[in-house]
Amino acid sequence: MAISGRITRWNAYQLSSYEQLQYHRERRAQIREEIAKMNAQASSLTSVQMQKAVGMGDLVSRMAMERIGLSKKA
């Protein structure tokens, strides 16, 4: 028995057990793809944040070294 339109959790019980199994497999596969996409976005954001932190650390280090150099000259 095929359901016309969208399958929801309220009408999924009208499907045969095999169709329900297939529906749930497809749904899990879609969710895994979405999770993989979100993980990729999160890791790229983390990479950007790490690069920003390293850049800020380099900048602070350079400023400190310049101040040390200026204090030794004075």
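In the predicted model, the secondary structure of the chain amounts to 1 helix and 0 strands. The helix, H1, covers residues 17-73. Along its principal axes, the C-alpha trace of the chain spans about 90 × 15 × 15 Å, and the radius of gyration is 28 Å, whereas a compact globule of 74 residues would have a value near 11 Å.

With regard to solvent accessibility, buried residues make up 5% of the 74 residues in the chain. The chain exposes about 6,800 Å², of which carbon and sulfur atoms supply 59%. A nonpolar patch on this surface, with an area of about 260 Å², is formed by Ile 31, Ile 35 and Met 38. Of these patch residues, Ile 31 is placed in helix H1, and its relative accessible area of 35% lies between the limits of 20% for buried and 50% for exposed residues, so that Ile 31 is classed as partly exposed.

Asn 11, by contrast, is located outside the helix, in the segment that precedes H1. Its relative accessibility is 17%, and Asn 11 therefore counts as buried, because the class comprises residues under 20% relative accessible area. The side chain of Asn 11 also makes a polar contact with the backbone, reaching the backbone oxygen of Arg 6 at 3.2 Å.

Note on methods. Residues are numbered from 1 along each chain as its sequence is written. This is a predicted model: local features need pLDDT of at least 70, side-chain atom pairs count only at pLDDT 80 or more; totals for chains, interfaces and linings use all residues. Side-chain values use heavy atoms; hydrogens and water are left out. Helices (H or I, at least four residues) and strands (E, at least two) are DSSP runs, numbered from the N terminus. Buried means under 20% relative accessible area, exposed over 50%, partly exposed in between (1.4 Å probe, protein chains only). A polar contact is a pair of N or O atoms within 3.5 Å; within protein, one must be able to donate a hydrogen and the other to accept it, and residues adjacent in sequence count only if both atoms are side-chain atoms. Patches are made of residues with over 30% relative accessible area and no salt bridge: like charges are joined within 9 Å, nonpolar side chains (Val, Leu, Ile, Met, Phe, Trp, Tyr) within 5 Å. Accessible areas come from the Shrake-Rupley method with a 1.4 Å probe; for residues, only the protein chains shown count as cover. A salt bridge is a side-chain nitrogen of Lys or Arg within 4 Å of a carboxyl oxygen of Asp or Glu. The radius of gyration is taken over C-alpha atoms; the globule rule is 2.2 Å times the number of residues to the power 0.38.
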